[in-house]
Every structure is written in C-alpha cells, then in structure tokens.
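Visitor: Please take one part of this model and examine it closely, beginning with the element to which it belongs and ending with its surroundings. A connected account would be preferred to a list.

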Amino acid sequence: MKNQEKWQELIGYLSKHQAEIIDYNRCSRAGKTIGSGQVEKGVNLTVGSRQKHRGMSWSTKGSKALCLLKVAELNGRWQQLWFPA
C-alpha cells in the first residue's frame, strides 16, 4: 500500500510539473545543446573568477551588482556604460 501511495505522489508531481521537465529528445532533434557546460562557464566567468576567493563573502545584492558589471565588461559595454557619448 505504501508503494502505491508513493507512485501516486510521483505521478501527481510529474503531472503538476510537466511543463518544467525538459524533453531532451526534442531538444536534441532541434540541434540544441544538452548540458550545462556553457552555463557553468558563463557563471565561472561572471561570478567565480571574481567572487569565489578564500575569505570572501558577498551579500546577494553586492554579488548581483558585481556580476552585472562583469557582464558589461565581457560584452564590451564597459566604456558605453561608464562614459556614454
């Protein structure tokens, strides 16, 4: 009986979150990248390289602000951001 309850719980969860579950076969057929490597590299470039040093701690607000500045630099927008024409 307990297993039946767990199955029903799982089915309910999957039904409720169906729209959030990635269809990897469809993504693959569409030529989309499957994996987190690119995202992890982006996080490392924007957050890890600057904010993950020994002894550092950041508030959520400060971390987000620094991340936005790093993204502006990586996108070649630093001059435009700080010295608009």
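Guide: Helices are here DSSP runs of H or I with at least four residues, numbered from the N terminus. In this sense, Q51 is found in helix α3, and the model in which it is described is a predicted one. Helix α3 comprises residues 37-51.

The setting of Q51 begins with the packing of two helices. Helix α3 packs with helix α4, residues 60-74, at an angle of about 120 degrees, and the two axes lie 9 Å apart. Because an angle of this size falls outside the ranges for roughly parallel, roughly antiparallel and roughly perpendicular, α3 is oblique to α4. The crossing in which α3 passes α4 is right-handed. On the α3 side, the contact is made by L45, T46, V47, R50 and Q51; on the α4 side, by S63, L66, C67, K70, V71 and L74. Sorted by class, these residues of the contact are six nonpolar, three polar and two charged.

Within this contact, Q51 has a relative accessible area of 6%, and because the limit for a buried residue is under 20%, Q51 counts as buried. Its side chain makes a polar contact with the side chain of S63, at 2.6 Å. With neighbours within four places in sequence left aside, Q51 is in contact with T46, M56, W58, S63, L66 and C67.

One of these partners, M56, lies in the loop between α3 and α4. M56 is partly exposed, with a relative accessible area of 35%. Beyond its neighbours within four places in sequence, M56 is in contact with R50 and Q51. From M56 to G76, the C-alpha to C-alpha distance is 27 Å, with the two 20 residues apart in sequence.

How values were computed: Residues numbered from 1 in each chain as written. Predicted model: local features only at pLDDT ≥ 70, side-chain atom pairs only at ≥ 80, totals over all residues. Heavy atoms only, no water. Axes fitted to C-alpha atoms, helices over the stretch in contact; angles between N-to-C directions. Parallel < 35°, antiparallel > 145°, perpendicular 65-115°, else oblique. Left-handed = near helix turned anticlockwise from the far one by under 90°. Contact = heavy atoms within 4.5 Å. Nonpolar A, V, L, I, M, F, W, Y, C, P; charged D, E, K, R; others polar. Buried < 20%, exposed > 50% of the residue type's maximum accessible area, 1.4 Å probe, protein only. Polar contact = N/O pair within 3.5 Å; in protein donor to acceptor, adjacent residues only side chain to side chain.
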